[in-house]
Amino acid sequence: MHKATVETAALREHILTYARTRMGYDNPPLDHPQTLEWLQQRAGQTVTEEGLGGMRALGIFADVLAPATISTDHPGYLSFIPTAPTEASTLFDLVVSASSIYGGSWLEGAGAVYAENQVLSWLASEVGLPETAGGVFVQGGTLGNLSALVAARHAARAERERKGTSQPARWKFICSSEAHSSLKSAAAVMDVEIIKAAADTDGRLSGVAVEQAIAAAGDGLFAVVATSGTTNFGIVDDLDSIGVVAKAHDLWFHIDGAYGLAGILAPSTRKLFKGSERADSFIVDPHKWLFAPFDACALVYRNPELARAAHTQHGEYLDTLTERDEWNPSDYAYNLTRRVRGLPLWFSLATHGTNAYAKAVDDNIRLAHEIADVIRAHPKMSLVREPMLSVVVFEYDGWQLADYEAWSSKLLDDQIAFVVPSSHAGRPNTRFAIVNPLTSKDLLIQILDSMDEFEASRTEKKGQQ
Ligand SMILES: Cc1ncc(COP(=O)(O)O)c(C=O)c1O
């Protein structure tokens, strides 16, 4: 299995041809999911005692499995938070896969870790953290938030030990009522209490609300989490006032910027991120709005030593790594073995430069505002909230959830776009999350037109009843 043979050489060429063709699409096939029965009928049992052979397995993937998956880089993929890797980052992901690099330690991965760290330093400097800031690329924002909070609690515990203060019966952290579900999940994993501070009617958390939550929380608080770019609406919390309050109470200030922190790069929205320089830690996902492939979350700490104290794993076979005065990425998060998942972004940044990133993010934001203008002017559509970054949430007059569902299914069946229903305050709506530079205004207008067409047939059907 491991030797290069005539067969593996031929397979290599086929695989590279497949990858070359897939990467060459500006408009990849959108595709759609299939049922388990459909897949069983066409793909059958693929894991067998004797093996199918690489060519047959590749054929099954190309003809059956891949078309049964949605392409998240299609310009019409506008649901959840899509991903739209640059050509350079996707190409380099192949190189990472081919290179067998262990990304957990400097001893094994020095060159790759050096490059990843340059990207983390660039992000830290954009956010306004000192040069001594550092961290690690982890799998995703969920793991990034958890790792930062584990470091924060560890630091709080150590501080109480140092001062000789008693440990609380229960640790707690504060986040917004509009914060991402991964924070609730982190609280459950850590067995700590989560305290929701009320966001205002625009969905924005402020220092005043955090101050009130602190006053009501009692003993055991160790962190305040702000969101810079909520998932549903792309709202950036008032980082400045929250940071001031968190620091006044000696609390760790973490920013969950998984989706939206990339907006700090755009000249048009940079000011929204004032106060991010107060953060003790932040995350931003390159697989969301920094145009890198799955899966990568940049996790950065103001004082990486506090994270190292919390996360370093000790074991006899590891001592040779941990007892060196070197940068071992594994020591900064809940992970050990790791892929150098920051390298696709590094390669793309090294290729294009940071200005190209600022422009691409800015263009997405401009497009979001342009399509919001179209929606605002439409007699039957209304914005649920004004967009701040690149998420546009809107309703079609009189539509129930079933209408959004039926329209959304047709849009996917017609292979135009993937735009699923969402909801706010119990009312159904839909949303565009725009992070793909290949998404055009024409396509967005085509999608809006398809809502009008659906409405016309809906009204006609009602009239016939
Ligand atoms: C604000 C925010 N935080 C955290 C996450 C979790 O990130 P991941 O899906 O990479 O685990 C998301 C995902 O959408 C998010 O939008």
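**View 1. Three side chains reach oxygen atoms of the ligand.** In this close-up, an N or O atom in the side chain of Thr231 sits 2.7 Å from a ligand oxygen. Asp285 does something similar, with a side-chain N or O atom 2.8 Å from an oxygen atom of the ligand. Then there's His287, which has a polar side-chain atom 3.0 Å from a ligand oxygen. (A polar contact is a pair of N or O atoms within 3.5 Å; within protein, one must be able to donate a hydrogen and the other to accept it, and residues adjacent in sequence count only if both atoms are side-chain atoms.) On its own the ligand has 390 Å² of accessible area, and the protein covers 85% of that. (Accessible areas come from the Shrake-Rupley method with a 1.4 Å probe.)

A quick note on what you're looking at: this is a predicted model, where local features need pLDDT of at least 70 and side-chain atom pairs need 80 or more, while totals for chains, interfaces and linings use all residues. Residues are numbered from 1 along each chain as its sequence is written, and side-chain values use heavy atoms, leaving out hydrogens and water.

**View 2. A shell of 13 residues surrounds the ligand.** The closest ones are Gly141, Thr142, Thr231, Asp256 and Asp285. (To be near the ligand, a residue needs a heavy atom within 4 Å of it.) Helix α6 (141–163) and helix α10 (286–289) each supply at least two shell residues, and α6 gives the largest share, with three. (Helices are DSSP runs of H or I with at least four residues, strands are runs of E with at least two, and both are numbered from the N terminus.) Sorted by class, the shell has one nonpolar, nine polar and three charged residues. (Ala, Val, Leu, Ile, Met, Phe, Trp, Tyr, Cys and Pro count as nonpolar, Asp, Glu, Lys and Arg as charged, and the others, Gly among them, as polar.)

**View 3. Helix α6 packs against helix α11 (residues 304–311).** Their axes are 8 Å apart, at an angle of about 90 degrees, so α6 is roughly perpendicular to α11. (Axes are lines fitted to C-alpha atoms over the stretch in contact, with angles from 0 to 180 degrees between N-to-C directions; 65 to 115 degrees counts as roughly perpendicular.) Ser147, Val150, Ala151, His154 and Ala155 of α6 meet Leu306, Ala307, Ala309, Ala310 and His311 of α11. (Contact means heavy atoms within 4.5 Å.)

**View 4. The peptide bond from Phe294 to Asp295 is cis.** Its omega is near -10 degrees. Asp295 is in the loop between α10 and β7 (297–301).

Definitions and conventions: Parallel < 35°, antiparallel > 145°, perpendicular 65-115°, else oblique.
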